[in-house]
Amino acid sequence: MPLPELASPRPGPQPGHVYLVGAGPGDPELLTLRGARLVAGADAVVYDNLVSPLILDLAPAAAGRIYVGKKAADHTLPQDEINALLIRLAREGRRVVRLKGGDPFIFGRGGEEMEALIAAGITVEVVPGVTAAAGIAAYAGIPLTHREHAQSVVFTTGFLKDGALDLDWPMLARPNQTLVIYMGVSRLAEICARLVEHGLAPGTPACVIERGTTARQRAAVGTLADLAARVAEAGIRPPALTVVGGVVGLYPRLAWFHPAGEDDPGSAPHAGCTAVHRDGGGEGGADD
Ligand SMILES: C[S@@+](CC[C@H](N)C(=O)[O-])C[C@H]1O[C@@H](n2cnc3c(N)ncnc32)[C@H](O)[C@@H]1O
């Protein structure tokens, strides 16, 4: 992919430095220009499982491509070994690009990697990426804020280190707010129940979007009362993002992304968020 020239481009990657680059949520076109330039000049690219292969293709043919995985239950390399790998590559004088899904500093352990690198005396630059919440909501036609529905937005995780769902439920269940839950699909029923217990109406619109921004994007749309059943029925699986709040009621009118499914024609649906619709559609149900 030829990159457009900027009037005064910043220097490309330097030997012995590590660049923590956000690769975006899936669609390779969501990589920033800075990120693309750094990948194109890298000697070593260390990447996670949600990074598009088309982004890896931007690296020079001779560059090392090292997969370090990261699924909730399957860490290809433990975090301290990833840190040690980055430090070793930088000390060998490589131009190291650490490609992380979405944004490196949002549920990406980018902070931990940066701390380890700085403690080892390695120079680090961070390049932000489009985080899953922003990218996926945009592709699904769900504005995260909207004057009539949500004046604030909260990103939280449904996967805690010790397995407990010990979240600040009264804060998460505030009205007129959009709640985006990363890594929450396996605990969805419990999450929905806790939100209702803490004051959100059972009819609050909610959806789960799988593989957002890719050709395999699909979703289950419902309410807090029935979302878990709809997700199970549709067979929605991680990586998937949960969005809760009145703004989800706009999806039937604003969904615009209709992937052709060219990544995997066998399993792709026909529309951006197709799998299941909330009964009645439209904007109703936002009763918080
Ligand atoms: C370890 S977190 C990393 C988040 C990433 N740093 C970011 O800013 O988006 C991984 C979780 O992000 C969400 N996610 C990332 N990419 C996604 C995608 N394309 N579709 C749906 N969810 C996604 C899922 O909840 C997934 O379990």
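Tutor: Ala, Val, Leu, Ile, Met, Phe, Trp, Tyr, Cys and Pro count here as nonpolar, Asp, Glu, Lys and Arg as charged, and the others, Gly among them, as polar. The model is predicted, with local features needing pLDDT of at least 70 and side-chain atom pairs pLDDT 80 or more, while totals for chains, interfaces and linings use all residues. Numbering runs from 1 along each chain as its sequence is written, and side-chain values use heavy atoms, without hydrogens and water.

Student: By class, what does the shell around the ligand have?

Tutor: A residue is near the ligand if one of its heavy atoms lies within 4 Å of it. There are 18 residues around the ligand, and Pro-25, Ile-106, Thr-131, Ala-132 and Ala-240 come nearest. By class, the shell has twelve nonpolar, four polar and two charged residues.

Student: Why does the ligand lie between domain 1 and domain 2?

Tutor: Domain bounds come from an automatic or database domain assignment. The ligand lies between the two because its shell takes residues from both domain 1 (17-127) and domain 2 (132-254).

Student: Which helix and which strand each supply at least two residues of the shell?

Tutor: Helices (H or I, at least four residues) and strands (E, at least two) are DSSP runs numbered from the N terminus. Those supplying at least two shell residues each are α5 (132-140) and β10 (240-244).

Student: How much of the ligand's accessible area does the protein cover?

Tutor: A backbone N or O atom of Gly-101 is 2.9 Å from a ligand nitrogen, and one of Met-183 is 2.8 Å from a ligand oxygen. On its own the ligand has 570 Å² of accessible area, and the protein covers 88%. Such areas come from the Shrake-Rupley method with a 1.4 Å probe. The covered share is thus 88%.

Student: Is Arg-34 buried or exposed, and what does its side chain make a polar contact with?

Tutor: Arg-34 lies in helix α1 (residues 33-40). Buried means under 20% relative accessible area, exposed over 50%, partly exposed in between (1.4 Å probe, protein chains only). Arg-34 has 15%, so it counts as buried. Its side chain makes a polar contact (a pair of N or O atoms within 3.5 Å, one able to donate a hydrogen and the other to accept it; residues adjacent in sequence count only if both atoms are side-chain atoms) at 2.9 Å with the side chain of Glu-125.

Student: What is the relative accessible area of Ala-23?

Tutor: Ala-23 sits in the loop between β1 (17-22) and α1. Beyond four places in sequence, its contacts (heavy atoms within 4.5 Å) are Leu-31, Val-51, Ile-55, Leu-99, Lys-100 and Gly-102. Ala-23 is buried, with a relative accessible area of 3%.
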